[in-house]
Amino acid sequence: MKILVAVKRVIDFNVKPRVKMDGSGVDLANVKMSMNPFDEIAVEEAIRLKEKGLATEIVAVSIGPAKAQETLRTALAMGADRAILVQTDEEVEPLAVAKIFAKISAEEQPQMVILGKQAIDDDNNATGQMLAALLGWPQGTFASKVEAGGDAVTVTREVDGGLETVELKLPAVVTTDLRLNEPRYASLPNIMKAKSKPLATKSPGDYGVDVARRLETLRVVEPAKRQAGIKVGSVDELVERLHGLGIAK
Amino acid sequence: MSVLVLVEHDGKSIKDATLATVTAAAKLGEVHALVAGNNVGAIGDAAAKISGVANVLVADAPHLDHDLAETVAPVAARLMDGHDAFVAPATTFGKNIAPRVAALIDVMQISDVLSVESPDTFTRPIYAGNAIATVKSNDAKKVLTVRTTAFDKAPSVGGSASIEQADAGSDAGTSSFVSMEASESERPELTSAKVIVSGGRAFGSSEQFHALLDPLADKLGAAVGASRAAVDAGYAPNDYQVGQTGKIVAPQVYIAIGISGAIQHLAGMKDSKTIVAINKDEEAPIFQVADIGLVGDLFKIVPELTEKL
């Protein structure tokens with residue numbers, strides 16, 4: 001079984017984003033960028049399926065600027081076999097990303113596409129579901145457990161009321177939640193080896209996908225700031241304050 | 001403009017998230033509620049009573065049990081021929097189905113809408129809520145998920161909508177429900193609770209997390225939440241998680257105990273009316289957003305607080 005994994009280059013999750021003064025977006029100049037944390041989990045899951053003998057090949061795909069090559073090299077160093085960069089300097093929306101992935105899926109014929117459930121920059125949580133819709137495949141979103149076997153995959157999903165388990169016929173789309181696994185760090189020898197793994201560079205045009213934006217960002221502002229309040233010195237004072245709020249009276 | 005709202009229910013009753021979604025949808029146009037499920041006649045009747053709902057469409061069939069996106073999305077997509085917008089709550093239910101509907105009708109979804117500025121312009125949080133974007137949709141039809149804490153709940157009574165049956169489609173045949181491990185709790189639901197007590201990794205173990213927080217929550221009639229670190233460490237189940245990728249909450253009072261206040265956690269609770277923080281580190285970022293802070297050892301403070309309340 002071949003697995004396609006999606007990786008996106010985003011602001012590092014430890015960096016506090018700063019809104020640009022002109023309201024045009026978030027300032028990403030000279031900011032540390034990393035692989036989207038949910039995508040790291042996606043890459044790790046694919047590798048584990050390969051280590052269990054269930055997957056034969058892992059293809060990592062990114063859509064983004066030339067620098068997204070670094071993100072793909074990270075995926076290769078973790079254990080992906082080859083990579084495809086669909087290079088564009090445009091910000092590509094989930095619908096267009098899903099269309100490109102649908103075309104790549106038609107070419108590559110994977111049995112599973114694993115994506116992070118959301119990217120921590122635009123927080124859309126949409127690409128995996130959209131890809132599944134375009135392909136007519138079932139979807140296992142927000143996965144905390146993936147068990148593949150035969151012609152189906154069993155996915156346990158983190159939902160509002162607890163954990164839901166569904167069975168999906170392959171081929172299928174899986175999107176990862178935080179507790180699916182703990183991604184490995186790439187070892188130095190593997191980082192060296194990753195440099196010689198194949199990485200193909202394509203453009204959205206190669207797939208005939210129009211990446212023109214459907215959503216126009218009119219402005220980006222900082223959220224209203226909360227003012228730090230007061231500190232109380234004792235539990236008694238805290239109790240008094242809580243009573244003052246009308247609770248536990 | 002007519003708006004199709006996807007009703008979230010559990011087969012027995014309509015979820016509060018639906019009521020907030022109706023309020024958001026009503027800002028766009030006439031609200032038509034889609035109830036999909038198995039044996040959901042009573043849910044359809046309840047949806048018809050929601051104030052602001054003009055019409056209820058009931059898609060009732062065995063294969064619509066368990067809200068499988070593969071089967072529900074095409075039902076909604078077909079109904080979009082006669083509607084201008086599709087609105088679902090930004091809960092795990094809505095997030096699973098809405099993008100699938102959007103792709104089926106070739107529309108780019110606007111996720112997690114905080115406000116409706118005009119029929120095509122909305123605000124939404126990006127970067128874990130560290131920035132708020134105003135976006136204008138150039139698609140002919142709109143698909144949105146809405147942050148339910150950002151909208152008042154529509155009254156669940158007072159309406160008298162007409163009810164009609166909708167095409168329930170057929171079983172997609174690609175997915176099936178296996179099981180649901182529901183977190184049983186007598187406490188209020190996190191997303192609708194007035195008071196939340198939330199714990200972090202500082203509790204040190206699942207036993208201590210529950211031994212200290214449960215009595216406090218019971219005393220306050222509060223829901224229990226947790227930081228990602230506490231959930232990852234296994235102190236609390238996944239559906240307790242509050243944050244960027246967990247639940248978004250905005251209770252009257254949020255009491256964060258032993259939670260340092262990573263931006264991902266703040267993203268899920270900073271719209272709470274009053275935030276109370278208890279932490280032994282007085283430099284913890286949680287104090288920068290807290291209205292009331294108490295610096296000290298939670299293992300001493302929490303039992304004392306529970307006793308004195």
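Which residue stands opposite Leu4(B) in strand 4 of chain B? The answer, Phe86(B), belongs to the first of the views below. The structure is a predicted model, in which local features need pLDDT of at least 70 and side-chain atom pairs count only at pLDDT 80 or more, while totals for chains, interfaces and linings use all residues. Residues are numbered from 1 along each chain as its sequence is written, and chains are lettered from A and ligands numbered from 1 in the order in which they are written.

**View 1. The parallel sheet of chain B is an open sheet of seven strands.**
The strands, like the helices below, are DSSP runs numbered from the N terminus (E, at least two residues, for strands; H or I, at least four, for helices). Their order is 5-9-4-1-2-3-10, with parallel pairing, where two strands pair if DSSP finds at least two bridges between them. Strand 5 (110-113) and strand 10 (162-165) of chain B are the edge strands, each pairing on one side only. Neighbouring strands are turned by 25° against each other on average, direction ignored. Within this sheet, strand 1 (residues 2-6) and strand 4 (residues 85-89) of chain B run parallel and are joined by three bridges, with Leu4(B) opposite Phe86(B).

**View 2. Helix 1 and helix 3 of chain B lie across strands of chain B.**
Helix 1 (residues 16-26) of chain B lies across strands 1, 2, 3, 4, 5 and 9 of chain B and runs at about 150° to strand 4 of chain B. Helix 3 (residues 69-79) of chain B lies across strands 1, 2, 3 and 4 of chain B, at about 150° to strand 2 of chain B. Such angles run from 0 to 180 degrees between N-to-C directions, and the axes are lines fitted to C-alpha atoms, for helices over the stretch in contact.

**View 3. Helix 3 and helix 4 of chain B pack with their axes 9 Å apart.**
The angle between these two helices is about 50°, which makes helix 3 of chain B oblique to helix 4 of chain B; angles under 35 degrees count as roughly parallel, over 145 as roughly antiparallel, 65 to 115 as roughly perpendicular and the rest as oblique. Their crossing is right-handed, a term used if the near helix is turned clockwise from the far one by less than a right angle. Residues are in contact if their C-beta atoms, placed from the backbone, lie within 7 Å, and among those making this contact are Val72(B) and Ala76(B) of helix 3 and Ile97(B) and Val101(B) of helix 4 of chain B. The contact residues divide into nine nonpolar, one polar and one charged (Ala, Val, Leu, Ile, Met, Phe, Trp, Tyr, Cys and Pro count as nonpolar, Asp, Glu, Lys and Arg as charged, and the others, Gly among them, as polar).

**View 4. Helix 4 of chain A meets helix 4 of chain B.**
The axes of helix 4 (residues 127-135) of chain A and helix 4 (residues 92-104) of chain B come within 8 Å and cross at roughly 45°, so that helix 4 of chain A is oblique to helix 4 of chain B. The crossing is right-handed. Residues that meet here include Met130(A) and Leu134(A) from chain A, and Asn96(B) and Arg100(B) from chain B. By class, the residues of this contact are eight nonpolar, two polar and one charged.

**View 5. Strand 9 of chain A pairs with strand 8 of chain A and with strand 11 of chain B.**
Between the chains, 66 residues of chain A are in contact with 71 residues of chain B. Strand 9 of chain A gives the most to the side of chain A that touches chain B, with eight residues, and that side has 34 nonpolar, 13 polar and 19 charged residues. Seven bridges join strand 9 of chain A to strand 11 (residues 175-182) of chain B in an antiparallel arrangement, with Thr165(A) standing opposite Ser179(B). Within chain A, eight bridges join strand 8 to strand 9, again running antiparallel, and a hairpin joins these strands through two residues. Val159(A) stands opposite Gly162(A) there.

**View 6. Four strands from both chains form an open antiparallel sheet.**
The order is 12(A)-8(B)-7(B)-6(B). Strand 12 of chain A and strand 6 (115-118) of chain B stand at the edges with a single partner strand each, so one side of each is left without a neighbour in the sheet. The twist averages 30° from one strand to the next. Strand 12 of chain A is joined by six bridges to strand 8 (residues 131-137) of chain B, where Leu215(A) has Ser137(B) as its bridge partner.

Key:
Two residues are in contact if their C-beta atoms, placed from the backbone, lie within 7 Å.
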